[in-house]
Amino acid sequence: MPLSPNLRGALFMMVAMVGFTLNDAITKYSSQSMNMAQVMLIRGAFASLFVGLLAWQRGALFQPRLMLQPLVAIRVLAEAGATVSFLVALAHLPIGSVSAVLQALPLAVTMGAALFFGEAVGWRRWLAIAAGFAGVMIIVRPGFDGFSLYSLWALASVACCTVRDLATRRIPQAISTMLVSTATALAMTVVGAALLAPMGGWTPMSGKSTALLALAAVLVLVGYQFIIMAMRSGEISFVAPFRYTALLWSILLGLIVFGDFPDAPMIVGATIVVGSGLYTLYRERVVGRRRIVAESTGPAMAPDGI
């Protein structure tokens with residue numbers, strides 16, 4: 001029997017999360033043999049090539065001056081901060097822990113939309129946001145054994161991603177998404193080149209290392225494509241919760257590839273964060289308002305500075 005639109009959308013969303021998580025795992029693995037600036041540079045170069053070709057094919061590069069539009073610039077700068085902080089955290093923390101902290105992004109976007117755009121957020125969703133950030137604190141555990149300063153880099157990535165997503169929502173519709181993605185990929189390549197010397201300089205690369213980073217760039221593009229397909233296939237309120245399967249894949253890959261077993265605080269905190277996000281999605285569906293959290297499941301849901 002053919003799948004219903006909702007089930008097909010859910011399947012596409014899970015495939016997208018696999019793509020993003022495999023990209024993260026390859027990036028973390030690559031950081032063992034080179035610094036993160038070099039990872040950004042090489043992966044960004046491949047991404048710029050791939051995205052640029054797609055944008056050119058779709059006619060999105062005919063007005064390159066639109067890359068200088070203020071909101072596009074803010075988005076690119078926020079993406080740069082998100083990507084750098086995300087990669088630093090990923091290089092030093094278990095992939096599951098970083099992924100768990102990133103699951104707070106939809107809650108942060110909801111809060112930012114309420115504070116800066118005046119969008120209505122009822123008391124139930126404010127409580128869900130507070131609970132979600134409490135869950136993040138359990139994962140980070142400041143002041144306790146097991147706390148790592150690199151957890152703050154993961155929090156910084158969430159903050160930068162929030163600015164990025166809020167700016168994205170204000171970018172004029174006339175500006176092509178592919179143009180914005182091309183500008184972002186190029187910017188990440190430049191940032192990687194700029195940080196290369198401060199982070200330790202160039203490390204000679206094998207063919208295997210180069211191929212892995214090219215694969216990582218492809219996996220991110222695959223993830224974006226399947227997210228778009230997911231959001232166009234089924235109801236957003238049904239499909240969006242499946243973004244949280246990224247956490248399951250992260251924990252599984254962390255265990256298999258890196259031998260990182262999640263501890264109790266991480267499991268408890270992640271459960272609270274995911275539960276808060278799911279409840280917020282539910283409330284937005286009940287009140288029939290614009291789906292703020294659901295919008296954060298789109299192509300901008302994670303650092304895309306590849």
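Glu-79 is buried in this predicted model, and Arg-164 is buried too. The side chains of these two residues meet in a salt bridge, with 3.1 Å from N to O. The pair joins distant parts of the chain: Glu-79 belongs to helix H3, while Arg-164 belongs to helix H7 (residues 150-170), 85 residues apart.

Glu-79 has another partner to look at. Its side chain also meets that of Arg-75 in a salt bridge, at 3.8 Å from N to O. This second pairing stays inside helix H3 (residues 70-92), where Arg-75 and Glu-79 are 4 residues apart, about one turn of the helix. Arg-75 is buried, just as Glu-79 is. Step back a little and a network of salt bridges appears, linking Arg-75, Glu-79, Arg-164 and Asp-165.

Helix H7 takes part in a further pairing, between Arg-169 and Glu-119, whose side chains meet in a salt bridge at 2.4 Å from N to O. Here again distant parts of the chain are linked: Arg-169 sits in helix H7, and Glu-119 sits in the loop between helix H5 (105-117) and helix H6 (123-140), 50 residues apart. Both of these residues are buried. As a general point, side chains of opposite charge can pair when their charged atoms come close. The count for the model comes to 5 salt bridges, and the table sets out those described above with their distances.

| Salt bridge | N to O distance |
|---|---|
| Arg-75 and Glu-79 | 3.8 Å |
| Glu-79 and Arg-164 | 3.1 Å |
| Arg-169 and Glu-119 | 2.4 Å |

Now for a pair of helices. How do the axes of helix H4 (residues 95-102) and helix H11 (residues 245-258) cross? They come within 8 Å and cross at roughly 165°, which means that H4 is roughly antiparallel to H11. The crossing of H4 past H11 is left-handed. On the H4 side, the residues in contact are Ile-95, Gly-96, Ser-99 and Ala-100; on the H11 side, they meet Ala-246, Leu-247, Ser-250, Ile-251 and Gly-254.

Finally, the annotation. An unreviewed UniProt entry lists residues 7-26, 38-56, 76-95, 101-118, 179-199, 211-231, 238-258 and 264-282 under "transmembrane region". Two of these spans can be set against the model. Residues 7-26 are 100% helix and 0% strand, with their end C-alpha atoms 29 Å apart. Residues 264-282 are likewise 100% helix and 0% strand, and their end C-alpha atoms lie 27 Å apart.

Notes. Residues numbered from 1 in each chain as written. Predicted model: local features only at pLDDT ≥ 70, side-chain atom pairs only at ≥ 80, totals over all residues. Heavy atoms only, no water. UniProt positions renumbered as here; feature names shortened; annotations may be inferred. Helix = DSSP H or I, 4+ residues; strand = E, 2+ residues; numbered from the N terminus. Salt bridge = Lys/Arg side-chain N within 4 Å of Asp/Glu carboxyl O. Buried < 20%, exposed > 50% of the residue type's maximum accessible area, 1.4 Å probe, protein only. Axes fitted to C-alpha atoms, helices over the stretch in contact; angles between N-to-C directions. Parallel < 35°, antiparallel > 145°, perpendicular 65-115°, else oblique. Left-handed = near helix turned anticlockwise from the far one by under 90°. Contact = heavy atoms within 4.5 Å.
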